[in-house]
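Please look over the sequence and the model below before reading on. The paragraphs after it are meant to be read with the structure in view.

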Amino acid sequence: RHNGWGAGELDRVVPVVGDSTAREDVCDVACALNFSWCALLDDEAALGYFKRAREASEVLVLDHYGGGEAASVRAWHTPLPNGGHYTWEHTGWDEARREVRAAMHFTLPHEALRDAFSYHWKLRPCREVQELLRAAGYTTVDGWMEERDAQGNGTGHIRRVALDEDPQHPYWTLFITAS
């Protein structure tokens, strides 16, 4: 047994990597993580994606981010265990379209990788994401966010949050579940 699962249940878990819109399979849970769905820049494309996910799964899990700091050109540096660091940089922000351009850079002990990954995403308000998911046929749409202590550090406690408005934090990430 693994994590309370019975024999054979792990055999049912089949990760699918690729174009989810081209598959005919049905699954219990579909996940669009690493903010991948944010690359759908127009609402019709996002709605079509969410409708296809609704046809193919019982539950959809998304991650999402935003806040005033997300809507700015700036960089965040994070140390790596090997003595290097990676940088997450917002290289451009279009307020009218709510679109961000971002890149990841790595500085390692013996080399630097600039623009190792680059992204062009639309950062929709939570309310808009909720409306798109409901238009796609989901009836229950919830947000889930880690609580923060007085210093702004995560506590490990996850709580449900309303999606009627964006969280009031300079920079936030959350998960959205839709069923």
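What follows is a walk through one sheet and its hairpins.

The model is predicted, and the part considered here is an open sheet of four strands, arranged in the order 3-4-5-6 with antiparallel pairing. Its edges are formed by strand 3, covering residues 74–79, and by strand 6, covering residues 111–122, each of which pairs on one side only. From one strand to the next, the twist averages 15°.

Beginning at the edge formed by strand 3, the reader can follow the antiparallel pairing of strand 3 with strand 4, which spans residues 85–94, over six bridges. Two facing positions help to fix the register by eye: Arg 74 stands opposite His 90 in strand 4, while His 77 stands opposite Thr 87, also in strand 4. The two strands, 3 and 4, form a hairpin with five residues between them, and in that turn Gly 83 has a positive phi of about 100°.

Strand 4 also pairs with strand 5, made up of residues 99–108, again in the antiparallel sense and over nine bridges. Here Gly 92 is the residue to locate, since it stands opposite Arg 101 in strand 5. The hairpin of strand 4 and strand 5 has four residues between the strands, and within this hairpin Arg 98 takes a positive phi near 60°.

Continuing through the order 3-4-5-6 brings the reader to strand 6, the edge strand of residues 111–122, where pairing is again on one side only.

Methods: Residues numbered from 1 in each chain as written. Predicted model: local features only at pLDDT ≥ 70, side-chain atom pairs only at ≥ 80, totals over all residues. Heavy atoms only, no water. Pairing = 2+ DSSP bridges. Axes fitted to C-alpha atoms, helices over the stretch in contact; angles between N-to-C directions.
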